[in-house]
Every structure is written in C-alpha cells, then in structure tokens.
Amino acid sequence: MLHRQTPTGIIAIAQPTHAWIAGCLAQAWGNQDFGNFTPREEVCLGAAIHDIGWVFWENEPTLNLQTGYPHNFMELPSEISVKIWSGVKHLTSSYGRYAALLVSLHGTGLFERFRKWENSPESTQLVEAYLQQEYAYQKQLVNYLQNDSHYANHATPEVIQRNRKLVAIWDLLSLALCMGLQEERQFHDIPTASGETTLTLIPVDDNFDKIKVEPWAFERDEVKLNYDGRVLRDRFRDETQMRQAVANAEWINMSTILIPM
C-alpha cells in the first residue's frame, strides 16, 4: 500500500494499482532517443504485475500502531514482505515465463538493495532462504527461455538486465507519481538507445496532476495516467476496525499528466 498525504489524512493506493501504472508507463515508453525494448508485450506485462503478490495482503492490511494507518510498503516488517514475495512465482507462472522472470528478478533486486532485513537473525534467515529459492527459479526460467527459439534472442544476459532495469525505473516513477510528486526529482541510470541518462521530473503545480519530464522518454506527446485510491481520514488503534474502514472507505479517482519540458 502507498500513502498519498492529504491535509485531512491519507489516500491509500493499493500496490497492484501502482504496478498497473508502471505497466501504463511501459506501454507508452520509447522513442528515437530511448529506443525500444523486446519482447515488448511480455516486458509490459511484467511491469504491470510486478506487485501481484500484494493482492491478498491488500485485502487484509496490517496496522502500523505508530501511525494509526495501514502499513505502507516501506514500513512493512521484513517477515511479512518476504512472505508476500515468496508466493509471487505461484501467481506469475500463469502469465508466462518471461514476465515471471522479470517479476522474480524485481523481487530479489529489492531485497538486495534494501537490506533492513539484516537487522535480525530471524528475518535474515527467512530472506536468505527466499533469495536462494528465487535464484534457482530464475536460473531455471532463463534456461527454458534460452532453449526456446521464440525467446532465445531476448534471454541473453544483456537483454534481461536491460529489461530488468526498465521494470525497476517504471516502478520508481510510478511510486513517485502515485504518492504525489511535490518537488523536482531525478532518476539516474535510465537505459536509452545509446547508453544511459538521468530523467528529471518537475511538478507544474501543487496538485500533483501535471508533471514535466526531461528528456522526454515516451512515444506520445502526452501521457495521461488514471488511478483509484481510498480516502482514510481517521487513525486507528485496532487492526480489525482499520480493515473495516479500508474496505468501506470512499473511493477517489486521481489523474497525472506527463508532458515534455
């Protein structure tokens, strides 16, 4: 779950909703400067379902007693995070091997970069076991893909790494947009047609609904994103009451328009 702060509380945005926005960015991505990516449909799918493992948790979110709100994804205890990610491959395998590989790589990449799980022996043991299982799963998938004439050219280490980086950047961009970009922000090491660059996002006003992008990475002249969230005005001390409030919360639709500098 993502939280967009408001003067009267938060707007709670589900992880799968944020992932869908990442998939929308993927579908619009690419031009002469930023190049294309292949296999395009599978990579877009991987971006769109990269947080599919959160579906069940979103129906029964856990309460952060320090804030009185449901945990956001950055606050979630490592034990819960690794449980979520451990079940992902059982969901993504139905979508195909390439998308499943990208989602698995995204999950292990998160635990490799953000290592708060090393703070306790219990979470360390859980995460290390998860990583070893996923590495073996990824190796198996890559072997399948490299021996498939349709996917062999897309399963080289170079292509997989580029696609993995693209999913990661669409994830970061979607997070920033969904949570409400309030100030200029830069995103580094973005793959282009000829190398890498830095992407700069600048909000046009205080409403989070129009963002300038430099350099322009999309094939269309404008990218409009629409997504839903739920309004939470109260804080809670009881998890059951919080879950009921989330289930019955007022829905709100938000939109963000990306435009060139």
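User: I am new to this predicted model, so where should I begin, and how many residues lie between β1 and β2 in their hairpin?

Analyst: A good starting point is the hairpin of β1 and β2, which has two residues between its strands. In general, the strands of a sheet pair through backbone hydrogen bonds, either parallel or antiparallel. Here β1 and β2 run antiparallel and are joined by five bridges, and within this pairing H3 stands opposite A12 in β2. Please keep in mind throughout that the model is predicted.

User: In what order do the strands of the open sheet stand?

Analyst: Seven strands make up the open sheet, and their order is β1-β2-β8-β9-β7-β6-β5, with mixed pairing. At the edges stand β1 (2-6) and β5 (185-191), and because each has a single partner strand, one side of each is left without a neighbour in the sheet. From one strand to the next, the twist averages 35°.

User: Which strands pair with β8, and over how many bridges?

Analyst: Three bridges join β8 to β2, and these two strands run antiparallel, with L232 of β8 as the bridge partner of I10. β8 also pairs with β9 in the antiparallel sense, over nine bridges, and there Y227 has M254 of β9 as its bridge partner. As for its surroundings, β8 is mostly covered, since seven of its ten residues are buried.

User: Which helix lies across β8, and at what angle does it run?

Analyst: Helix α1, residues 15-28, runs at about 175° to β8. The same line of residues lies across β1, β2 (9-13), β8 (223-232) and β9 (250-260).

User: How should I read the edge strand β5, and what is the place of D189?

Analyst: Five bridges join β5 to strand β6, residues 196-203, and the two run antiparallel; one of the paired positions is P191, whose bridge partner in β6 is E196. As a general idea, most residues other than glycine have a negative phi, and most peptide bonds are trans. D189 is in strand β5, and it has a positive phi of about 60° although it is not a glycine. At 47% relative accessibility, D189 counts as partly exposed.

User: Which peptide bonds are cis?

Analyst: Among them is the bond that joins T38 and P39, with omega about -5°, and P39 lies in the loop between α1 and α2. Another is the bond from E214 to P215, where omega is near -10°, and P215 lies in the loop between β7 (210-214) and β8.

User: How do I read a long stretch of helix, and how many residues does α7 have?

Analyst: The general idea is that an α-helix has 3.6 residues a turn, so residues three or four places apart point the same way. Helix α7, residues 121-146, has 26 residues and reaches 37 Å from its first C-alpha to its last, close to the 38 Å expected at 1.5 Å a residue. Its buried residues include T124, V127, L131, E134, Q138, L141 and L145. The buried residues of α7 pack against α4 (78-86), α5 (88-92), α6 (97-113) and α8 (157-179).

User: Is Q32 buried or exposed, and is N72 buried or exposed?

Analyst: The rule to apply is that a residue counts as buried under 20% relative accessible area and as exposed over 50%. Q32, in the loop between α1 and α2 (40-48), is exposed because its relative accessible area is 76%. N72, found in the loop between β4 (69-70) and α4, has 10% relative accessibility and therefore counts as buried. Leaving aside residues up to four places away in sequence, N72 touches M1 and H3. In addition, a polar atom of the N72 side chain lies 2.8 Å from the backbone nitrogen of M74.

User: How many disulfides does the structure hold, and why is C44 in no bond with C24?

Analyst: The structure holds zero disulfides. For C24, the nearest cysteine sulfur is that of C44, 9.6 Å away. A disulfide calls for two cysteine sulfur atoms within 2.5 Å, so the 9.6 Å between the sulfur of C44 and that of C24 is too far for a bond. C44 is also buried, with a relative accessible area of 9%.

Notes: Residues are numbered from 1 along each chain as its sequence is written. This is a predicted model: local features need pLDDT of at least 70, side-chain atom pairs count only at pLDDT 80 or more; totals for chains, interfaces and linings use all residues. Side-chain values use heavy atoms; hydrogens and water are left out. Two strands pair if DSSP finds at least two bridges between them. Helices (H or I, at least four residues) and strands (E, at least two) are DSSP runs, numbered from the N terminus. Axes are lines fitted to C-alpha atoms, for helices over the stretch in contact, and angles run from 0 to 180 degrees between N-to-C directions. Contact means heavy atoms within 4.5 Å. The expected span of a helix is 1.5 Å times one less than its number of residues. Buried means under 20% relative accessible area, exposed over 50%, partly exposed in between (1.4 Å probe, protein chains only). A polar contact is a pair of N or O atoms within 3.5 Å; within protein, one must be able to donate a hydrogen and the other to accept it, and residues adjacent in sequence count only if both atoms are side-chain atoms.
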